[in-house]
Amino acid sequence: MKSFKYLFFLMAFSGTLVSCDSLLELEPAQNISEVLALENDANIKAVLVGAYDELGATNLFAGNTLRNSELLGANNEVQWVGTFNGPREIWNLNMIAENGDVQGLWVDAYQTINIVNNVLDGLDVVNESDKATVQGEALFIRALVYFELVRFYAKPWVAGAANDQLGVPLVLTPTRAINEDSKVARASVSAVYAQIISDLNQAKSLLPESNSWRADTYAASAALARVYLQQGDFAQARDEASRVIESGKYSLTTAYSDAFNRDANSTEDIFSIQVTSQDGTNSMVTFFAIPDFGGRDGDIDILDEHLNLYDPADERLSMFYEGNGAIRSGKWTNQFGNVGLFRLAEMYLIRAECNARLGTAVGDSALNDYNKVHQRARLSAANSVTVEDILFERRLELAHEGFKVHDLRRLQQNIQGQSFDANNTIFPIPGREINANPNLVQNPGY
Amino acid sequence: MKKISLVFSMLFLFAGMAVAQRAVSGSVTDNDGNPLIGATILVQGTSVGTVSDIDGAYSIDVPEGGEVLVFSYTGYASLEVTLGTSNVVNVVLEESAAQLSEVVVVGYGTQIKSTLTGNIAKVAGEELENLPVPSVEQAMQGRSAGVFVEAVNGKPGGAIRVRIRGASSISASNQPLYVIDGIPVTVQSQNASGAPLNPLADLNFNDIESIDILKDASASAIYGSRAANGVVLITTKKGKAGTSKIDFNYQVGTSQPTGYREFLNAAEYVELFTEAAVNLDEIEGNVPGGFTWKDWVEARFDRYSGPSDWRTGQTDTDWQQLAFADNPISQQANLNFSGGNNQTTFYAGLGFSDQQGILKNNGFERMSARLNLDHKSSDNLTVGLNFSLARTFTDQVSNDNAFSTPLQLIAQSPLTPARNFTNDPFQSGSRLIQPGELFDRPTAVYYNGLIELEESQRNVVSYRTLANGYARLKLAPGLVLNGEIATDIYNLRDDLFQGSITFGGQASNGYAYSRANQILNYNTKLFANYSKTFGSHNLDMTLGTEYQDSRTQSTDSEGQQFPVDDLKTIASAADITGGSSFLTEFTFVSYFTRVNYNFNRKYLLSFSGRVDGSSRFGINNRYGFFPAASLGWVLSEEGFLKDNNTLSFLKLRASYGLIGNAAIGNFEHLGLFAAEGYNGVSGLQPSQIPNPDLTWENTAQIDIGLDFGFLKDRINGEIDYYQKVTSDLLLGVPVPATSGFTTQTQNIGEVTNKGVEFVLNTNNTVGQFKWNTSFNVAYNRNEVTKLADGQDIIDPGSSRLMNVVKLGQPIGVFWGAEYAGVDPDNGDPLWYVNKEGSGRETTNNYSDAEFVALGNPSPEWIGGVTNTFDWNGFNLSIQFQGVFGNMIHNAAGSFMSANGDWFDNQTRDQLDRWQKPGDITDVPRAIFISGHGTQSRSSRFLSEGSYVRLKNVTFGYEFPKKVLDNIGVRRLRLYVIGQNLLTFTNYDGWDPEVTTDAFVNNTTFGVDFYAAPQPKTVAFGINVGF
């Protein structure tokens, strides 16, 4: 009899387990379904925040796009001494298609683009009052990412030329499934630039004057100014820069050093990647700083060739410091500090350069704009200024902030002894991408 | 007594309706006169049998015509006795290594090996006892044909790669399913550092009775969708009725690395780097301002020398020696208590193992307790409980890819003193290094890993409970119902603290990370076994259902800004920088069956199958059916062979079956978004593309085998040929990243494994001097036969690592540029162009060399041979183990063997660099910081990985019974044991058994990146029994 009690117990227990399909229906705890994620106003806005997060990926604007520009255009002013192969190849101009950094930028860029495409596709469920802002931010992010892609993976824009050389694939709708349509071919450089300008112009008109740390209408103008400058469209670059300056919303920080290593935006910042101790990595610090500041080993040394450019009185020179046996950039010493992408000084320098080139004085004279930046560095005011002076000022003012190779290209100056559009100064299309997408054409030289 | 034997016989044998013609009885003992309990006694040619009781006594009704009794017992040679006139037959069985009549554990039951139609390799628990290794897989290494075991490096408690008959999957798991006493246990590593730990190290293998490895589909199909990588069934020890026994074992020993690499000394270092700088100066020509790299490099020498003078060779640090511990001590103690009576038997085991690693501050400690209890509550009902608790403590060092891991110390310059040896503080960068303090950058070339060892700690503690209760009810003659409830509870804590001068903590006044992880895995099953004999027809059937639910939860947090380094918990952190919790779960609902039939134990037939449903599969493919069928023919039972005196056993068997691999992520079939916050605001990002068709991987496996025995099975063995075709591979198929995704999990692709296995066991001599040999060897050819449409290669895209998945090549094949040595004219590195039609043309431009397959990271042949000798109480066991035909990629070669490219100390072979026209060498001209032939994806850094290892030598002396009786001790044995004593290999790295812990995955292995070598251990031990 006793044995039957056990048996009953056993049967009762096991009986509850058999033939229960519902036991196989589990939902993940950390993820939600695609349908749910895009179903309402709040969720679409959350996806937009997700886009900012991806924009701030280390491979993108948390620093590596800036770093890559400095390494490509090193010109003996900086040198890579770290152990990572990826950046070393970039610096050595001997990249292979398998380079992890080259691949990382591509992957993260298109991930960001897919996220904002999801937002743009889901605008219908966004509250009417916020729709313009949400759309504007998404377009701004998309344009920013395409601008990086086209500048790194394609032969540079040459003012006055057709610019029908291969750019990057243009993807403007969200991915819902993988099929033949996913194998997008490269659009021309001019088509990519046209898309960037169209996105930014729309964003400029959609975005509000103020939008906390998010993109606002002036961020869109600042981006436009930079894009036009890259194209050599000095008039439009000047006008967009002037629009930012004339808004009166921004002012240069009193001390040059105050513009950097900020936990929150300074008065000078137009748009920055927000890094906090909980979220995000400032990868400029990772590579430019030493371990005392949360960097790696001091992977990038600043060389005399650069340091010798400064007037000894230049405050900007005093920001450099010696650490781990070499000179380091003092702009990157707060591992949880923001990564500034657009700041007012750049706008002054763009307007000054364009006014000087065009012989105009829109907003203010080139000399005055130049001196604003020059004097902030505790240097005495100049009495006259040439385009060369302004470009030189730009080289110092914006040093180690990611401008280097892009300026060399637009000015058609040599890149580490190579011509401004030499094959090995252009990133290869990542090998994994060529393998996955037969419609892609590799860049020459790879 | 009789009653017990009767019940036993019903449970384990095909007890037919015996026709009582003649009653024979007697006893079964071993050489020493100890009773053998549970020995099988069969009347040859019939299915009549019984087992001996706790006194070794038996009685059997021999039917008419029955003339020969066959006595067998696991681990002993079986004995055939022709019945004479006497009805009393007492036998003494001789011990032997392996036998065909042994009982093997199969899924949900047991079976006599001679009637098996599948391929099951058995490892007896006693072969593993007392081995000075942390985990059971390591103890199994080299003991079974076709079972590849590799510790990823020599850190105790670390991950172990086990591949049964080759790797069949690219992105799902390739590890076998482990089932301990019926529980499919958790084996996925849960610790947070990049160096995965092995959850199976929680098991004290001294408690193991046997390990049965199900290799072919016939054996494993009853485990259905999880059987494709083979199944390892682990059975723990049970008590035996009779006098209680206490056994105690203690051993203590010490370890050292199996090998060292040779590095430059200070003088050679200065010579090489000065030359590299001068060469660079020569290439660059005169630089305005008089800059020379020679000056620059010498300035670096000054910097790296700290307070010493490199010009006089004042410091010559052997950093390699500093990475290794000084005679680390390992200890093991086990105390077992077992016994019982007719109703209740028990086995209780306490274990303690402390394995100090060969690296500094690296150790593994396990405390375990086990109680296995079996109770026969009536003739029809047996209930029992297996319960074990274990605590492991791992003192972990950083993964092999971290500057802070001890072996990366070898990258430091020999010019650099490890510590400030002077009596004065030394200014090093922003820090003042006090006398006796360790140097860091900028004096050291890299972060000084010794700081990590002294100023940080990473402790992983796991608590593991394995418990299962069972009830076995005899419903009718031959029909037994089994119910089991089991849990595997795995709790893990992972705590890291990095002090204020460590790499991880120096920017934030210390850093701490803490993680608690729990896996609750529970499992219930209900199944019936029915066995019946109708004349010459023997039938054995199993039918059942099983449910498994595994739920993983973890919580972690991290903080920084600690007031002092003595306060190490996050409670003291001023800044909490992260916190998270995580949950995931999977379930399986299954139904399984097996039917074994044999005619006179001569013609064997088996069918098994399982239906598995899992939460992991897409809604369109939720349930799968996994059948297998097999046939066997025992030729030696046929008339024409039956009386052959030489050939005592011969069986042909063949099996075919479909099995699956469900070891994929838990929710890979869904389209998902994940939370990604930004600047404190919550956000969402797409994380996964849906695939509602997603399902298990299918493996079709054919096995043809031959089991043989000669000279009364004194020579016995197996030969198997198998072919495993795995299709519907769960591939993270690379999709264009322009879609916003990099991979989609699809059932696509195919991998084939073909191989041959050979096992031979021989009792070379018997009697006073016993010599047994057991030999196994296996060949496996692995090939990727299909990928996604139009896809030819899956290349993870690393410039450091070169394992890829390539069509027509084995998984993980090394894919890179083929190095052609050095141009004797100018010292340039050369690679073969390898473009179509380029023949053996070479280039000095790495980019011009096409990537080609350079070698297989998996061995083609693996094997082992064990010889045991017994003489008058002395016993000696010698085990060799080896792998052949694989290559190893030294991925750190581009740093440590880079002809003076950067300040990493170089291996001594770099002294052989090209220096002048005409020099014939493989080491290019030393040119500083120029990447002169240092590209890692090149066969320059590949070497042969074959090795043969003297895996284990044990020499012991068992004191004779006569002596022990006087002192009241049942057993006393003293022994000395050596593990990994000798390694024969052409690999010039530390150790050829290597796969860096930081990189190991399905497709990346055979890589050496500062990986700790295996330990060579010598230990002394004592066994005492009462």
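What follows is a short exchange about a predicted model.

Biologist: What percentage of the residues in chain A is buried?
Modeller: Chain A has 446 residues. A residue counts as buried if 20 or more other C-beta atoms lie within 10 Å of its own. The buried share of chain A is 57%.

Biologist: How are the helices α14(A) and α15(A) oriented, roughly parallel or roughly antiparallel?
Modeller: Helix α14 spans residues 344–358 of chain A, and helix α15 spans residues 366–376. Their axes come within 8 Å and cross at roughly 150°. Angles over 145 degrees count as roughly antiparallel. Therefore α14(A) and α15(A) are roughly antiparallel.

Biologist: Which residues of α15(A) make the contact with α14(A)?
Modeller: From α14(A), the contact includes A:Ala345, A:Tyr348 and A:Leu349. The residues of the contact divide into 8 nonpolar, 1 polar and 3 charged. On the α15(A) side they are A:Ala366, A:Asp369, A:Tyr370, A:Lys372 and A:Val373.

Biologist: Which helix gives the largest share of the largest nonpolar core?
Modeller: That core has 178 residues. B:Tyr178, B:Phe273 and B:Phe928 have the most contacts inside it. The largest share is 8 residues, and it comes from helix α5 (residues 266–284) of chain B.

Biologist: What does B:Phe273 touch, leaving out residues up to four places away in sequence?
Modeller: B:Phe273 is one of the residues with the most contacts inside the largest nonpolar core. With those sequence neighbours left out, B:Phe273 touches B:Val297, B:Gly900, B:Phe903 and B:Phe928.

Biologist: How many residues are in the second, separate core?
Modeller: This core includes A:Ala46, A:Tyr153, A:Leu200 and A:Leu408. Its size is 130 residues.

Technical notes
Residues are numbered from 1 along each chain as its sequence is written. Chains are lettered from A and ligands numbered from 1 in the order in which they are written. This is a predicted model: local features need pLDDT of at least 70, side-chain atom pairs count only at pLDDT 80 or more; totals for chains, interfaces and linings use all residues. A residue is buried if 20 or more other C-beta atoms lie within 10 Å of its own, exposed if 12 or fewer, and partly exposed in between; C-beta atoms are placed from the backbone. Axes are lines fitted to C-alpha atoms, for helices over the stretch in contact, and angles run from 0 to 180 degrees between N-to-C directions. Helices (H or I, at least four residues) and strands (E, at least two) are DSSP runs, numbered from the N terminus. Angles under 35 degrees count as roughly parallel, over 145 as roughly antiparallel, 65 to 115 as roughly perpendicular and the rest as oblique. Two residues are in contact if their C-beta atoms, placed from the backbone, lie within 7 Å. Ala, Val, Leu, Ile, Met, Phe, Trp, Tyr, Cys and Pro count as nonpolar, Asp, Glu, Lys and Arg as charged, and the others, Gly among them, as polar. A nonpolar core is a set of buried Ala, Val, Leu, Ile, Met, Phe, Trp, Tyr and Cys residues joined through C-beta atoms within 7 Å.
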